[in-house]
Number of protein chains: 2
Amino acid sequence: MSPALILIDLQLAIDDPSWGRRNNLGAEANVGLLLDNWRHGNGPIVHVRHDSREPNSKYPPGQPLHAFKPGTAPLPGESVLSKTTCSAFLSADLAERVAGRSLVIAGVITNSSVESTLRSAGDLGFSVTLAHDACFTFGKRDWFGVERSADQVHGMTLANLHGEYCRVLTTSEILCAVETYSPSSPSLP
Amino acid sequence: MSPALILIDLQLAIDDPSWGRRNNLGAEANVGLLLDNWRHGNGPIVHVRHDSREPNSKYPPGQPLHAFKPGTAPLPGESVLSKTTCSAFLSADLAERVAGRSLVIAGVITNSSVESTLRSAGDLGFSVTLAHDACFTFGKRDWFGVERSADQVHGMTLANLHGEYCRVLTTSEILCAVETYSPSSPSLP
């Protein structure tokens, strides 16, 4: 079966300035490349949306920032999965929706919902690829008070995940790989 | 109900020199303090053990390094939970064993099985405390090739977890808190 593309929490709230400085300014363009490829013949697309129950969150359904970001939003008929947890596997039927498939994952933020979803996916036995340049995160202080840039936070998460829960590739590397079994590719010249 | 103490993967294999340089050399002593307190009147203790299915791992059952480390090993009658995944919730009945309780978690390694178990626990709705000085990890390179010390890896994980999935405290802070509701503490002077 062709792989499923799972996009995590690409909602307007992620552009709120309160998050601070992000990395990977080209992430949305890379998600667009993945979407375009999947829409032309690869496997299913699942748009995961965070539906927070926290009153102080920016993510409760009905809030203006809860909507999907334009440019990477689902088209009519594409699958939308609502979650209330960080891991998309722990509050929704994602495992059933993508059973038997390998997974390509992208979205936000690298060290929270993306990482939790990936850790669950790996533990549940899925073969998972993370499109690292189609994700982004924000800088934060580590436990000892050292300021870490968004790239440093991102880089630590990728190192924790690669080889243990998934493989980490660029969008281009993923598209080169999936094109070998895209239904739109001729099998003979 | 009194909190459950969950100890992760404290097996001989974690002392193998191939892991490299660790942090928190006092972690086992702190686990000992937690164990001593729980054995004198707090809630249940669950010793989680990694039973790998990977042939090249040090953790398959029957291998000499698979055994629990002396000093923090279960006593006869204490609960042992076997897992094959990083999160102790995704390959075992841990959620049922500790249903309705808050959790105190310690063990190894901070950024792998401890972190995955904590992320699952938080997502599953448990109130979780991580005893950060009763855990340890090892240095590694981040995704961009920068060498990170064990403390740096540890500190990034704690920052990702604290406030999002759990609260992060020292062993002493936890013992001060649990003593307020230990059955061995008198309710009146």
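Start by selecting helix H4 in both chains: H4(A) and H4(B) are roughly perpendicular to each other, because their axes pack at an angle of about 100° and angles from 65 to 115 degrees count as roughly perpendicular. Those axes lie 11 Å apart. Keep in mind as you look around that this is a predicted model.

**Stop 1: where the two H4 helices meet**

Stay with this pair, and show side chains for residues 150-161 of chain B, which make up H4(B). Which residues of H4(A) meet H4(B)? Pick out Val153(A), Met156(A), Thr157(A) and Asn160(A). Facing them from H4(B) are Val153(B), Met156(B), Thr157(B) and Asn160(B). Colour them by class and you get 4 nonpolar and 4 polar residues, with no charged ones in this contact.

**Stop 2: the H3 pair**

Now switch to helix H3 in each chain, residues 110-123 in chain B. The axes of H3(A) and H3(B) come within 11 Å and cross at roughly 100°. That crossing makes H3(A) roughly perpendicular to H3(B). On the chain A side, select Asn111(A), Ser112(A), Glu115(A), Ser116(A) and Arg119(A). They meet Asn111(B), Ser112(B), Glu115(B), Ser116(B) and Arg119(B) of H3(B). How many nonpolar residues does this contact have? There are no nonpolar residues here, just 6 polar and 4 charged.

While you're in this spot, zoom in on Glu115(B) and Arg119(A): they form a salt bridge, with the closest N and O atoms 3.1 Å apart. Across the whole interface of chain A and chain B there are 2 salt bridges.

**Stop 3: the whole interface**

Zoom out and select everything in chain A that touches chain B. You should have 33 residues of chain A in contact with 33 residues of chain B. Together the two chains bury about 2700 Å², and 59% of that is on carbon and sulfur atoms. Which residues of chain A lose the most area to chain B? Click on Asp123(A), Trp143(A) and Met156(A), which together account for 27% of what that side buries.

If you like drawing dashed lines, there are 20 residue pairs in polar contact between chain A and chain B. To see where the chain A side comes from, highlight H3 (110-123), strand S6 (140-141) and H4 (150-161), the elements that each give two or more residues to it. H4(A) gives the most, with 10 residues. By class, the chain A side divides into 11 nonpolar, 13 polar and 9 charged residues.

**Stop 4: an unusual bit of backbone**

Most residues other than glycine have a negative phi, and most peptide bonds are trans. Select Val108(A) and Ile109(A) and you'll find a cis peptide bond joining them, with omega about -20°. Ile109(A) lies in the loop between strand S4 (103-108) and H3 of chain A. Then hop over to chain B, where a cis peptide bond joins Val108(B) and Ile109(B), with omega about -20°. Ile109(B) is in the loop between strand S4 (103-108) and H3 of chain B.

Next, go to Asn24(A), in the loop between strand S1 (4-8) and helix H1 (27-39) of chain A. Its phi is near 50°, a positive value in a residue other than glycine.

**Stop 5: salt bridges in chain A**

Finish with two pairs inside chain A. Arg22(A) forms a salt bridge with Glu28(A), their closest N and O atoms being 2.9 Å apart. Arg49(A) forms one with Asp51(A), where the closest N and O atoms are 2.9 Å apart. Over all chains, the count comes to 22 salt bridges.

Methods
Residues are numbered from 1 along each chain as its sequence is written. Chains are lettered from A and ligands numbered from 1 in the order in which they are written. This is a predicted model: local features need pLDDT of at least 70, side-chain atom pairs count only at pLDDT 80 or more; totals for chains, interfaces and linings use all residues. Side-chain values use heavy atoms; hydrogens and water are left out. Contact means heavy atoms within 4.5 Å. Buried area is the accessible area (1.4 Å probe) that two parts lose on being put together, summed over both. A salt bridge is a side-chain nitrogen of Lys or Arg within 4 Å of a carboxyl oxygen of Asp or Glu. A polar contact is a pair of N or O atoms within 3.5 Å; within protein, one must be able to donate a hydrogen and the other to accept it, and residues adjacent in sequence count only if both atoms are side-chain atoms. Helices (H or I, at least four residues) and strands (E, at least two) are DSSP runs, numbered from the N terminus. Ala, Val, Leu, Ile, Met, Phe, Trp, Tyr, Cys and Pro count as nonpolar, Asp, Glu, Lys and Arg as charged, and the others, Gly among them, as polar. Axes are lines fitted to C-alpha atoms, for helices over the stretch in contact, and angles run from 0 to 180 degrees between N-to-C directions. Angles under 35 degrees count as roughly parallel, over 145 as roughly antiparallel, 65 to 115 as roughly perpendicular and the rest as oblique.
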